Amino acid sequence: MAVRAHTSDRSTEGVANVAAQLVRWPDLALKRTRRGLGFRSGGREIVRMPGDHTAELLLTTAVIDRWARVLTDCRRVTPGRDAGWVTMTIEGKADADLFLSLVSVAIKVNQASR
């Protein structure tokens with residue numbers, strides 16, 4: 001029987017679940033850092049996972065500007081600490097699905113910008 005080291009009211013659809021899915025994506029390479037997990041695409045870091053329910057994503061400034069209204073309305077997505085990055089809270093399946101969709105966008109736009 002597995003024992004959970006930590007209990008929470010939050011869903012298990014957090015960063016660990018999303019990371020487990022992303023490691024299977026052929027365009028991404030996992031990199032462990034002192035701040036948590038990160039994923040690279042084409043040598044460029046595009047995903048940072050510093051917390052259990054927080055992840056950062058390099059969407060690029062152009063995409064953020066184009067989707068500003070939608071991202072702002074989402075309320076789970078906030079501006080990141082660096083230009084072109086957003087921070088997202090992942091607490092449930094819908095959040096995880098949205099984040100995975102945004103990772104797909106990030107892979108595409110970051111490949112196109114090279």
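**Reading a sheet, its helices and a pocket**

Student: Why is Ala29 called partly exposed?

Tutor: Its relative accessibility is 41%. Buried would need a value under 20%, and exposed a value over 50%. Because 41% falls between these two cut-offs, Ala29 counts as partly exposed. Keep in mind that this is a predicted model.

Student: Where does Ala29 lie, and what does Ala29 touch?

Tutor: Ala29 belongs to strand E1, residues 29-33. Leaving aside residues up to four places away in sequence, Ala29 touches Gly38, Phe39 and Arg40. Each of these counts as a contact because heavy atoms come within 4.5 Å. Then there is Ser41: Ala29 and Ser41 are 12 residues apart in sequence, and their C-alpha atoms are 6.5 Å apart in space.

Student: How do you know that strand E2 and strand E3 pair?

Tutor: Count the bridges. Pairing needs at least two, and five join E2 (residues 36-41) to E3 (residues 44-49), so these strands pair. They run antiparallel. Within this pair, Gly38 stands opposite Arg48 in E3. The two strands make a hairpin with two residues between them, where Gly42 takes a positive phi near 60°.

Student: What makes E3 and strand E4 a pair?

Tutor: Two bridges join E3 to E4 (residues 54-58). The cut-off is at least two, so E3 and E4 pair, again running antiparallel. Arg48 has a bridge partner in E4 as well, namely Glu56. This hairpin has four residues between its strands.

Student: What is the order of the strands in the sheet?

Tutor: The open sheet has six strands in the order E1-E2-E3-E4-E6-E5, with antiparallel pairing.

Student: Why are E1 and strand E5 called edge strands?

Tutor: Each of them pairs on one side only. From one strand to the next, the twist averages 30°. As for E5, three bridges join it to strand E6 (residues 85-89). With at least two needed, E5 and E6 therefore pair too. One position to look for is Val77, which stands opposite Met88 in E6.

Student: Which strands does helix H1 lie across?

Tutor: Helix H1 (residues 15-22) lies across E2, E3 and E4, and runs at about 150° to E3. Helix H4 (residues 93-112) also packs on the sheet, where it touches E2, E3, E4 and E6. The direction of H4 makes about 25° with that of E4.

Student: How many helices and strands are there in the chain?

Tutor: There are four helices and six strands. Starting at the N terminus, the elements run α-β-β-β-β-α-α-β-β-α. Of the 114 residues in the chain, 36% are buried, and that label needs under 20% relative accessible area.

Student: Which residues lie nearest the centre of the second largest pocket?

Tutor: Thr33, Arg35, Glu45, Arg48 and Arg81 do, out of 13 lining residues. You have met Arg48 already, as the residue opposite Gly38. This pocket has a volume of about 180 Å³, and E2 and E3 each supply at least two residues of its lining.

Student: How many residues of that lining are charged?

Tutor: Seven are charged, alongside three nonpolar and three polar. Asp, Glu, Lys and Arg count as charged, so Arg35, Glu45, Arg48 and Arg81 fall in that group, whereas Thr33 counts as polar.

Conventions. Residues numbered from 1 in each chain as written. Predicted model: local features only at pLDDT ≥ 70, side-chain atom pairs only at ≥ 80, totals over all residues. Heavy atoms only, no water. Buried < 20%, exposed > 50% of the residue type's maximum accessible area, 1.4 Å probe, protein only. Axes fitted to C-alpha atoms, helices over the stretch in contact; angles between N-to-C directions. 1 Å grid on protein atoms, 1.4 Å probe; cavity = no way out; pocket = protein on both sides within 12 Å on 5 of 7 lines; lining within 4 Å. Points joined across faces, edges and corners; volume = space filled by probe spheres on them.
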